[in-house]
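Got your viewer open? Let's take a walk through this one, a stop at a time.

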Amino acid sequence: MPFVKIDLFEGRTLEQKKALAKEVTEVVLKHTGAPKEAVHVFINDMPEGTYYPEGEMKKK
């Protein structure tokens, strides 16, 4: 059962996220042979102030 987690900064529209999830699902199906109902895509909208690479806050 493939699980795909995508972390993005907030700001994408629902339509953009739906399109992303659909295309990611298609790629997973193509390369794994898993049934469509087994593919799960999680999109996490990260608010600014939650990502600190190298100890420094990353801005959008």
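Before we click on anything, one term: two residues are in contact here when they have heavy atoms within 4.5 Å. Also keep in mind that this is a predicted model.

**Stop 1: the helix and a residue in it**

Select residues 14-32, which form helix α1, and then pick out A21 inside that helix. What is A21 in contact with, leaving aside its neighbours within four places in sequence? Light up V41 and I43, and you have the answer. Now draw a distance from the C-alpha atom of A21 to that of V4: the two are 17 residues apart along the chain, and the viewer should give you 9.2 Å.

Stay in helix α1 and move to T25. Is T25 buried or exposed? T25 counts as buried, because its relative accessibility is 10% and the cut-off for buried is under 20%. Beyond the residues within four places in sequence, T25 has contacts with K36, V39 and V41. V41 should look familiar, since A21 is in contact with V41 too.

**Stop 2: the two strands**

Next, colour β1 (3-9) and β2 (40-46). These strands pair in the parallel sense, over seven bridges. To see who stands across from whom, try two spots. V4 has V41 opposite it in β2, and L8 has D45 as its bridge partner in that strand.

Now show helix α1 again along with the strands. Together, β1, α1 and β2 make a β-α-β unit. Which hand does this unit have? It is right-handed. To check this yourself, turn the view until the strands point away from you, then follow the path from the first strand over the helix to the second: clockwise is what right-handed stands for.

**Stop 3: I6, in the first strand**

Click on I6, in strand β1. I6 is buried because its relative accessible area is 15%, below the 20% cut-off. Which residues does I6 touch, not counting those up to four places away in sequence? Show L20, V24, V41, F42, I43 and N44. Then go back to A21 for one more distance: I6 and A21 are 15 residues apart in sequence, and their C-alpha atoms are 9.3 Å apart in space.

**Stop 4: H40, in the second strand**

Jump to H40, in strand β2. With 28% relative accessibility, H40 counts as partly exposed. Show M1, P2, F3 and V4 as sticks, and you'll see what H40 touches once residues up to four places away in sequence are set aside. For a longer line on your screen, connect the C-alpha atoms of H40 and L8: these residues are 32 apart along the chain, and the separation is 17 Å.

**Stop 5: the charged pairs**

Why look for charged partners at all? Side chains of opposite charge can pair when their charged atoms come close. How many salt bridges does the count come to? Two, so let's visit each, using the rule that the nitrogen and the oxygen must be within 4 Å.

Start with D45 and K17, whose closest N and O atoms are 2.8 Å apart. This pair links distant parts of the chain: D45 is in strand β2 and K17 is in helix α1, 28 residues apart. D45 is partly exposed, with a relative accessible area of 28%, while K17 is buried at 18%. You've met D45 already, as the bridge partner of L8.

The other pair is D7 with K5, where the closest N and O atoms are 3.7 Å apart. D7 is partly exposed, with a relative accessible area of 39%, whereas K5 is exposed, at 60%.

**Stop 6: out to the surface**

Switch on the surface and select M1, F3 and F42. These residues make a nonpolar surface patch of about 380 Å². M1 lies in the segment before β1, and it counts as exposed because its relative accessibility is 66%, over the 50% cut-off. M1 and F3 are also among the residues that H40 touches.

**Last stop: an odd angle**

Finish at E54, in the segment after β2. E54 counts as exposed, at 83% relative accessibility. What is its phi? About 55 degrees, a positive value, although E54 is not a glycine. Most residues other than glycine have a negative phi.

Notes. Residues are numbered from 1 along each chain as its sequence is written. This is a predicted model: local features need pLDDT of at least 70, side-chain atom pairs count only at pLDDT 80 or more; totals for chains, interfaces and linings use all residues. Side-chain values use heavy atoms; hydrogens and water are left out. Patches are made of residues with over 30% relative accessible area and no salt bridge: like charges are joined within 9 Å, nonpolar side chains (Val, Leu, Ile, Met, Phe, Trp, Tyr) within 5 Å. Accessible areas come from the Shrake-Rupley method with a 1.4 Å probe; for residues, only the protein chains shown count as cover. A salt bridge is a side-chain nitrogen of Lys or Arg within 4 Å of a carboxyl oxygen of Asp or Glu. Helices (H or I, at least four residues) and strands (E, at least two) are DSSP runs, numbered from the N terminus. Buried means under 20% relative accessible area, exposed over 50%, partly exposed in between (1.4 Å probe, protein chains only). Two strands pair if DSSP finds at least two bridges between them.
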